[in-house]
Amino acid sequence: MLFRKTIVAALTFSLALGWSPTSYRAYANTQASAEADAHSQPVEQNTASGGGLSEVEGFDLSFFDNVFSPITFFDEAPVDGEPSGENGSNGGGPDATAPNEGAPDNGTSNGEDSSEGTSDENVSGEESLESNASDEVSDAEQDAAQIEGAEVLQQGDGEAAGNVLLADRAAVETLDGRDFAGQAVKEINGTTYILIGNEQQLRAIGSDKKVISGQVWSIEQKKEPDGLLGHKWVDVEGTEALVYAGDADLADAGTLHNGTFNDHDGGILQDTRTKYFVVGEHGRDDDVDSAQTGLKYAIDANYLIFRDIDLSTNAADPGNTGWTPLMFSSTMLGAKSDAPDAAGSLWSCIGADGKSITDVTTVANPVISNVNVVQSDAKLDVSKHTGIGFFGTISNKLDDKNPFAAPTKATVSNITLEKVSVENHATEVRVDQSLISGLLGVLGGVVGGLLSTLLKILTGGLLDLDGLVENLLNVRAADPSSLATGAFAGRVVGDVEVSGCEVHEAKVSSAAQMNGGFVGYSQGDTRYDIVSDLLGSIVDLLANLLNIIPGLGLGDLITLLLDSNIIKADALIPVDYLNPMISHCSVRNFAEGEVIGSATNDYAGGFAGVMVGTIAQECSVESANPYTVTGRLYAGGFAGLIRNDVMKGALSEVGVELVRVAQPQSAAAGCAVRSGVTVTAASYAGGFAGAMANSYAVDAAVEGAVSVSATGHEEEHDGKRSIKALAGGFTGAATVGWATDLGQGESKNSDLLTGVNGLLTGLLTSDPEAAQNLLSLVGVEESKLLGVQMTGDFTVHSSNDFAGGMVGRGDGVVVAASDAPHMSDIKLWSQKNCFV
């Protein structure tokens, strides 16, 4: 008795109806399934005697979604003698792919010969299918129990009707725009991505665990004679079972496999065995090693997050649901397909360059929720991470062989964090002998010996390897940005692009300085050439140090060389400046009563604590709940401090031309604060920025009920002490370059400004344009507020001096329209075209 299946549209909401003929067995490997995973399992169906469907048949339901979303399966009356199983007569169509289908012709050995010496043979697919005749319909309740959330709509009678089940579509199909269920790797426009679909994958980034792609199934096989002396292995119908759903399709309680799979179990002395095979894009593949991708969850791999992820659980360590800040230096994109049931629809979200989202304003962001970061130790171990946030540090990747070569840009795009809590209790960086010894162990004997030899060449034996590693730790310890704290990232450093990312319902608290609702600290990086007869040895030294501490930047290495007296400042020739770009990013809806910063620490902002040589474009802070930003110095509704960077080294007249496009200024273009905000600091408090130094605000806005107050801070300039309390509705101060004004106490002999005095004197008379370029490089230029808008109720108060509706104190500041004549004076606009 045969059954013919008909498919019709019957529902208007997102549900699927499954049908169950005589020996029907339906399941989606879900949370209730011990051996499988919820996100992407085929529906298995057995037909009655002679039915056209194989015993286990996986349906790609996206085929039907092109016509209608919900689907109904039901039986017509049996039709005796009707052929099935050929030419699509089983109703499955080309998309009804069983695990056995699509397999290669398995006429070759699986690695186990019979005692007679003849080769084994796997017989799968139609050759192994046997009739499963039965006149009794299966129990619908049992069938429904195997599909999460399924309900019985009809118990079949075995004659005119089969079982009808109602099930949640999510239990039976979750392509989410990929090519096939279980897929975890995809090459898109020349870039290979690891596809991230669950919290275990996300937590694995940086662990170097192996990436598995495709579903791994098992099937029982029995040995049957083959010819006079040989034998072959034949699939036992109805014994297929999902062993592993693929990395991207783990159930809530599933963990990453991180290893290989046996080809088979048993069969050496027995007449039966368990065979393992992979089901992927092209159906069944009996080479189980085809699930191995050769990729690892590394900090410099490329990732595409395609699903929402909840970090409130941790399947591998249920007692630890906290998040460890991620050190990252490659490409991480987020995208959700607008047609998730359509195979391959996800890839159209990726730009033609393979490294970007086509449009961050239209492509849906995956949401990573319940992010809980706690740095509990009072001393930060920088051998693990620097910066505190979802990302510890996002930085460009330096060349492994030559750190002075152009680095590879890091990109993070189109990701939303929701319900983020970041707490930092560290106030200093750990530097002790045990850490030094541990880092030396990371280097290993061979590399350590090489570095010791190089140090003898470079320092004449005055510095050994222990001393070098200690100096490196001291570089990190002396840099306050090591403890920078932000909901999205603690630090963004170098050639980095962050776009289309959002933070919702954030809480940020820190015992240290540099705190922001989005990022604590953002800084560009200067590229240098080195003039030295020992350049080769210097390059080798730095190349071998790159991986000793995660997130090391070229600036750290240059500081190490200077502090260790391996080079002098005049050997450094700046050749370019790499500005981080943060665009179309936002902080939305702070938790009620949120306070960013503290009265004892500097640099706090609703979006960023500090921006150095950074471009922010179309970024915003928008909160229904009013928030407070407070600091000792430098507190702002958007950023605590926006300033230019200070380049090191020396320049000749030719060098000025070489770095004409290198602009270490910061800019906020089209950025806004749209919320009620209270800003308090001893000095340098502003509704948008606490202070600006040789930086630009273009078409920026502050909208809402804004209260700014400065209580007073004692400062010393030129041997004279005074009380300063600078407060402004937009910025507390807008001055020339950092090293020449607000940050002059931090000036060092290695700074570029120190090394160009003589050159500048000559250029002022011989080449005024070159002199202007040089002034721009060293930061001897004014800040500009162009097209700035302020709307709402503003209160500005200073306990001493100065207070202003827009600017508390302005030194040469330009306040004007954002028209072409004024924009053309900004080198970032006219020469580097960094923002519009």
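This briefing walks through two helix contacts, one pocket and two unusual spots in the backbone. The model is predicted, so please read every value below as computed from that prediction. Helix α7 is a good place to start, as α5 packs against α7 and α6 packs against α7 too.

**Helix α5 against helix α7**

- Helix α5 covers residues 465–478 and helix α7 covers residues 554–563; their axes lie 10 Å apart and make an angle of about 125°.
- That angle makes α5 oblique to α7, because angles that are neither roughly parallel, roughly antiparallel nor roughly perpendicular (65 to 115 degrees) count as oblique.
- The two helices, α5 and α7, cross in a right-handed sense.
- On the α5 side, the residues in contact are L468, N471, L472, V475 and R476, and they meet D556, T559, L560 and D563 of α7.
- Sorted by class, the contact of α5 with α7 has four nonpolar, two polar and three charged residues.

**Helix α6 against helix α7**

- Helix α6, residues 535–545, packs on α7 at an angle of about 125°, with the axes 11 Å apart.
- That makes α6 oblique to α7.
- The crossing of α6 and α7 is right-handed.
- From α6, I538, L541, L542 and L545 meet L557, L560 and L561 of α7.
- The contact of α6 with α7 is made up of seven nonpolar residues, with no polar and no charged ones.
- If you are looking for a residue to follow by eye, try L560: this α7 residue is listed in the contact with α5 and in the contact with α6.

**The second largest pocket**

- Rolling a probe the size of a water molecule over the atoms shows where empty space is left.
- The second largest pocket has a volume of about 920 Å³.
- Its lining counts 38 residues, and those nearest the centre of the pocket are I205, G206, I299, M327 and P550.
- Three elements give two or more residues to this lining: α3 (199–204), β21 (326–328) and β25 (391–395).
- Helix α3 provides the largest share, with four residues.
- By class, the lining of this pocket holds 17 nonpolar, 14 polar and seven charged residues.

**Backbone spots to look at**

- Most residues other than glycine have a negative phi, and most peptide bonds are trans.
- The peptide bond from D801 to F802 is cis, and its omega is near 15°.
- You will find F802 in the loop between β57 (789–798) and β58 (803–804).
- N589 is a residue other than glycine with a positive phi, near 55°.
- To locate N589, go to the loop that runs between β38 (586–588) and β39 (595–596).

Methods:
Residues are numbered from 1 along each chain as its sequence is written. This is a predicted model: local features need pLDDT of at least 70, side-chain atom pairs count only at pLDDT 80 or more; totals for chains, interfaces and linings use all residues. Side-chain values use heavy atoms; hydrogens and water are left out. Axes are lines fitted to C-alpha atoms, for helices over the stretch in contact, and angles run from 0 to 180 degrees between N-to-C directions. Angles under 35 degrees count as roughly parallel, over 145 as roughly antiparallel, 65 to 115 as roughly perpendicular and the rest as oblique. A crossing is left-handed if the near helix is turned anticlockwise from the far one by less than a right angle, and right-handed if clockwise. Contact means heavy atoms within 4.5 Å. Ala, Val, Leu, Ile, Met, Phe, Trp, Tyr, Cys and Pro count as nonpolar, Asp, Glu, Lys and Arg as charged, and the others, Gly among them, as polar. On a 1 Å grid over the protein atoms alone, a cavity is a set of points where a 1.4 Å probe fits but cannot get out, and a pocket is an open set with protein on both sides within 12 Å along at least five of seven lines; lining residues have an atom within 4 Å of a point. Grid points are joined across faces, edges and corners, and a volume is the space filled by probe spheres set on the points.
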